[in-house]
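Me: Kindly introduce this structure to a reader who has not seen it before, by way of questions and answers.

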Protein chains: 2
Amino acid sequence: MEPNQVNYSINHAGAFSNFGNVTEGMIKGKIFLKESLNLTSMEVSLNNLPPKGEIPFYHKHQENEELYIFLKGQGLIQVDGNEFEVIEGTSVRIAPDGVRVLKNTSASEDLHFIVIQAKENSLSQWVQTDGIILEQPVEWGKSVK
Amino acid sequence: MEPNQVNYSINHAGAFSNFGNVTEGMIKGKIFLKESLNLTSMEVSLNNLPPKGEIPFYHKHQENEELYIFLKGQGLIQVDGNEFEVIEGTSVRIAPDGVRVLKNTSASEDLHFIVIQAKENSLSQWVQTDGIILEQPVEWGKSVK
């Protein structure tokens, strides 16, 4: 660890229901996290697509796998011409070459979702092989910020 | 692309409010996605920690960066002895070496959150450099599944 480097960063984006009027880049209602958190392994966006909202273009990727996790509302996702209904708890992995697009099918409810992209085949270990559980007992209340 | 390989996979975990009784591995209320979706760049879990629930141990990682995204409820996350309040829209990046633990501080409400781990420094390009926008017009309704 470099001098003065800390092992964490925090972002408070607020409630998903308030994202509707945020514009970062070309798409309204999308908040990116990589830059604000200094993420080095993934780009992540928090999203609110309004009633009947549609992404207006197909896209694919060069080397990144993409994961969509749906949190609220109802929509359709299309990958390589196949369409699937999405609701709370639906997650969709898309390989870089998959041609994808998404829309909110509700006339009244926002569609809340998270999109994560990371480099395909980059993960070498996880949870039980990468995690290290420490033996020291957990203590709370020493430094609340 | 291999013969018969498709560019996507889908998982329907259901509502976060129903995760409370799920047990996968050692922690109740945690649903992992890597295996069911064949993810190759990240491990992801969908989580519901019950009122006053606490992770009972500190942990860190060997090579994976971790990102916590909070969706509902209120809690405290502790990294290297520093504690931070978390609510909907809070996201926390933790470097592999950060010693972390988490608890739900509400006596009545579940804490819903997503945890993503991916290999630190593995991302080489993103969004505008990795994404490819296609010129073909978007069409819907050809193959609803």
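**A sheet shared by two chains**

Reply: In this predicted model, six strands form an open, antiparallel sheet in the order 4(A)-5(A)-12(A)-7(A)-10(A)-1(B).

Me: Which strands are the edge strands of this sheet?

Reply: An edge strand pairs on one side only. In this sheet that holds for strand 4 (30–32) of chain A and strand 1 (8–12) of chain B.

Me: Which residue in strand 5 of chain A stands opposite A:Lys30?

Reply: Strand 4 of chain A pairs with strand 5 (residues 43–49) of chain A through three bridges, in the antiparallel sense. Across this pairing, the residue opposite A:Lys30 is A:Asn47.

Me: What is the bridge partner of A:Ser9 in strand 10 of chain B?

Reply: Strand 1 (residues 8–12) of chain A and strand 10 (residues 90–94) of chain B run antiparallel and are joined by five bridges. Within strand 10 of chain B, the partner of A:Ser9 is B:Arg93.

Me: Which C-alpha of chain B is nearest the axis?

Reply: Chain B is superposed on chain A by a rotation of 180° with 0.0 Å of shift along the axis, at an RMSD of 0.0 Å. The two copies are therefore related as by a two-fold rotation axis. At 3.3 Å from this axis, the nearest C-alpha in chain B is that of B:Ser122.

Me: How many residues on the side of chain B that touches chain A are nonpolar?

Reply: The contact involves 78 residues of chain B and 78 residues of chain A. Because 100% of the interface residues of chain B are also interface residues in chain A, the copies meet through the same surface. On the side of chain B that touches chain A, 15 residues are charged, 27 are polar, and the nonpolar ones number 36.

Note on methods: Residues numbered from 1 in each chain as written. Chains lettered and ligands numbered in written order. Predicted model: local features only at pLDDT ≥ 70, side-chain atom pairs only at ≥ 80, totals over all residues. Least-squares fit on C-alpha atoms with pLDDT ≥ 70 in both. Contact = placed C-beta atoms within 7 Å. Nonpolar A, V, L, I, M, F, W, Y, C, P; charged D, E, K, R; others polar. Pairing = 2+ DSSP bridges. Helix = DSSP H or I, 4+ residues; strand = E, 2+ residues; numbered from the N terminus.
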